[in-house]
Amino acid sequence: MPTVTLTVLFNAALGLLPLGFVYGTSLALDRLPDALGAEGAGWNGVAEAFALALGAFVLQQVLAPFQKVLSELIARRVDGYCVRRLMARSVTEAPLAALEEQRTLNLLSDTRTAFDRVTSTPGDAVAGTLSLLARYAQLAGAVALVGLALGPVAGLLAGVTALVIRFGQRGSLGRFAGLWKGLADNRRELAYLRTAASGPAMAKEIRVLGLIGWFVRRHDAESRAYLDRLWEGRRRILFWPFVGFTLAGLAGGAGVFLILAGAAGEGRLSLLGLALAVQAVLIPMRFGVYFPESDTQTQFGVQAYHSMLEFEQLVSGPAAPPEGGEGPEPTGTVRFEQVDFHYGEAGRPVLRGLDLEIPAGTSTAVVGFNGAGKTTLVKLLTGLYTPVGGRITVGGVEPTGGRRKAWQRRIAAIFQDYVRYELTARDNIVLGAPGRLHGAEAAAAVERAVDRAGAREVVDALPDGLDTVLSGQYEGGQDLSGGQWQRLALARALYAVEAGAELLILDEPTAQLDVRAEVDFFDRFLTTTAGLTSVIISHRFSTVRRADRIVVLEDGRVAEQGSHDELLAAGGRYAELFHLQARRFADRAEDDTLLEATG
Ligand SMILES: Nc1ncnc2c1ncn2[C@@H]1O[C@H](COP(=O)(O)OP(=O)(O)OP(=O)(O)O)[C@@H](O)[C@H]1O
């Protein structure tokens, strides 16, 4: 509360100070004829009036920056209270059903965007730079007027003073922006905590496990740590330079006012000249203040642009060669030849001298423990990453450079973490190969993909069939269960096959399907993949056993490969894991029979 009282008094004083200046200068003008008439005797009265005007002006300049500090203190307190309230209401008190309603979500999204305190964009920076023109035009005009009224020395002094304090203050803002950039990690963490604890996505777990207290405390502690660093830096960077530049401004201002007083005292100034000079001098003197229409925009907008450039530089590899035009398009048998791979600069090796052949037109299943590198193998196969050592060829051609895109268009893939687009069911399917089929041909391909993926029941149950938006957050939309989504994702991959893809990659395609749907899918798997090259990753042996060839990944290499029967006969790792899983199912079936018998 004292902060609020202080701010109210402070703002009232700041508002009244310009009136003090107006009164002082008016008084000086009022006393001037007397002083001129009395041959110098009345000059004390004029000087007093000027002193009052100058005092009010200086005080206003010195106090103005503290207005921003006080405002920010208050804003942070109010925002802190609101964020805590928002977190509590949205994830612990509001009924989950309400959180899934379109209107509630819109309001929540607007509120959260406001708390994210979005900074200036590069577009704001350009607009802000243009608005500086008005400021500099005004300065040039004012300096010219001071020069005309008081002579070139006064004009020069006013201009130089203005530029010194301006560049001084602006430079401090630049250094402050550097500090702000250095706190990006903290801001990202704070935004994450706010979003996580105020959004519907995590509401279930936060409620059930009673995590809201933990989130609020963590958010408070992190905000305090962030603001402590920010404010300490701001004091260090802004305070002393502010004092220094204000003093420089005062010295320059005092110099110009002395010239003015001297000229008036010697009677070299007409009343008009005096009035013009007094008002014109104020413009350069005020040039050291913060320009709300441009300073933050130019500083942080340009910074955002530089971050964008830096990001582009970090993520850009060598310039992408033009598409095609490099001999034959990659098609046919895929070969991994002594492929090495690790993530990052010095990551742990994931693949080590891996040799693997995936003959065209056959189905290959890849199995292995968690973290064995199965998904990584698929990422390399699809050209999302390139091998660190060795090479991958398709029909003897490396699908790199200009051929990468052509190769990717021949692939239909669903990854473990496939995307759930908040679009219609039809769009979710067509995005497997957008723009490749049109009109009736596309519509028929969608229908076939739905049937082959076993998604017919799912689509038929939707209020608008294929045209239903798959999200409860839209009017008439409907969300799906995990298994239903997976069938749609399968349909997406199969649509790409309809559109001409020749390699079908399925990473855990049945992990979320119920037993009936899984059996159903694999009963049709052979027909679905006939003539295609397919790679399927699965931990379910019932899934992989139907593949032409099974590859066991271990220690970054192919440990075993062969058909299901060959691998069982070999009695290696595959046989061991297969029996383990089979026994578990047998035990479970036995338990069920026992239960039935005794129940
Ligand atoms: N983006 C990444 N950055 C760094 N390391 C990663 C990344 N993705 C995977 N890894 C690491 O690479 C190894 C292989 O991961 P991968 O996802 O290929 O395994 P997987 O065989 O598909 O496992 P799972 O059966 O659990 O899906 C793991 O040790 C994992 O920690």
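What follows is a trainee and a mentor talking through a predicted model.

Trainee: Let's start with the sheet. What is the strand order?

Mentor: We've got an open sheet of six strands here, with mixed pairing. From one strand to the next, the twist averages 15°. Read across, the order is 5-6-7-3-8-9.

Trainee: And which strands stand at the edges?

Mentor: Look for strands with a single partner strand, so that one side is left without a neighbour in the sheet. That picks out strand 5 (411–414) and strand 9 (557–562).

Trainee: How do strand 3 and strand 8 pair, parallel or antiparallel?

Mentor: Take residues 363–367 for strand 3 and residues 549–554 for strand 8, and you'll find four bridges between them. A365 has I550 as its bridge partner, and V366 stands opposite V551. The sense of the pairing is parallel.

Trainee: Then which residue in strand 9 does I550 stand opposite?

Mentor: Strand 8 is joined to strand 9 by five bridges, and the two run antiparallel. Their hairpin has two residues between the strands, and D555 there takes a positive phi near 55°. Opposite I550 in strand 9 is G562.

Trainee: Moving to the other hairpin, which residue between strand 1 and strand 2 takes a positive phi?

Mentor: Strand 1 (residues 334–342) and strand 2 (residues 349–358) are antiparallel, paired over six bridges, and F336 stands opposite L356. This hairpin has six residues between the strands. The one with a positive phi, near 70°, is G344.

Trainee: Now the ligand: which helix gives the largest share of the shell around it?

Mentor: The surrounding residues include Y343, G347, V350, G368, N370 and K374. By class, the shell divides into three nonpolar, seven polar and one charged. Three residues, the largest share, come from helix 12 (residues 374–381).

Trainee: What angle does helix 12 make with strand 7?

Mentor: Helix 12 packs on the sheet, where it touches strand 3, strand 6 (503–507), strand 7 (533–537) and strand 8. Set its direction against that of strand 7 and you get about 150°.

Trainee: What about helix 17: at what angle does it run to strand 5?

Mentor: Helix 17 covers residues 482–498. It lies across strand 5 and strand 6. Its angle to strand 5 is about 175°.

Trainee: Are helix 15 and helix 17 oblique or roughly antiparallel to each other?

Mentor: Helix 15 (residues 439–452) packs against helix 17 at about 130°, with axes 8 Å apart, and the crossing is right-handed. The contact has seven nonpolar, no polar and three charged residues. Roughly antiparallel needs an angle over 145 degrees, so these two helices are oblique.

Trainee: Last pair: are helix 5 and helix 6 oblique or roughly antiparallel?

Mentor: Helix 5 (residues 122–150) and helix 6 (residues 152–182) pack at about 150°, their axes 6 Å apart. Helix 5 passes helix 6 in a right-handed crossing. With the cut-off over 145 degrees, the pair is therefore roughly antiparallel.

Trainee: So how many nonpolar residues does their contact have?

Mentor: On the helix 5 side, L139, V143, A144, V146, G147 and L150 take part, and they meet P152, A154, G155, A158, G159 and A162 of helix 6. Three of the contact residues are polar and none is charged. The nonpolar count is nine.

Methods. Residues are numbered from 1 along each chain as its sequence is written. This is a predicted model: local features need pLDDT of at least 70, side-chain atom pairs count only at pLDDT 80 or more; totals for chains, interfaces and linings use all residues. Axes are lines fitted to C-alpha atoms, for helices over the stretch in contact, and angles run from 0 to 180 degrees between N-to-C directions. Angles under 35 degrees count as roughly parallel, over 145 as roughly antiparallel, 65 to 115 as roughly perpendicular and the rest as oblique. A crossing is left-handed if the near helix is turned anticlockwise from the far one by less than a right angle, and right-handed if clockwise. Two residues are in contact if their C-beta atoms, placed from the backbone, lie within 7 Å. Ala, Val, Leu, Ile, Met, Phe, Trp, Tyr, Cys and Pro count as nonpolar, Asp, Glu, Lys and Arg as charged, and the others, Gly among them, as polar. A residue is near a molecule or strand if its C-beta atom, placed from the backbone, lies within 6 Å of it. Two strands pair if DSSP finds at least two bridges between them.
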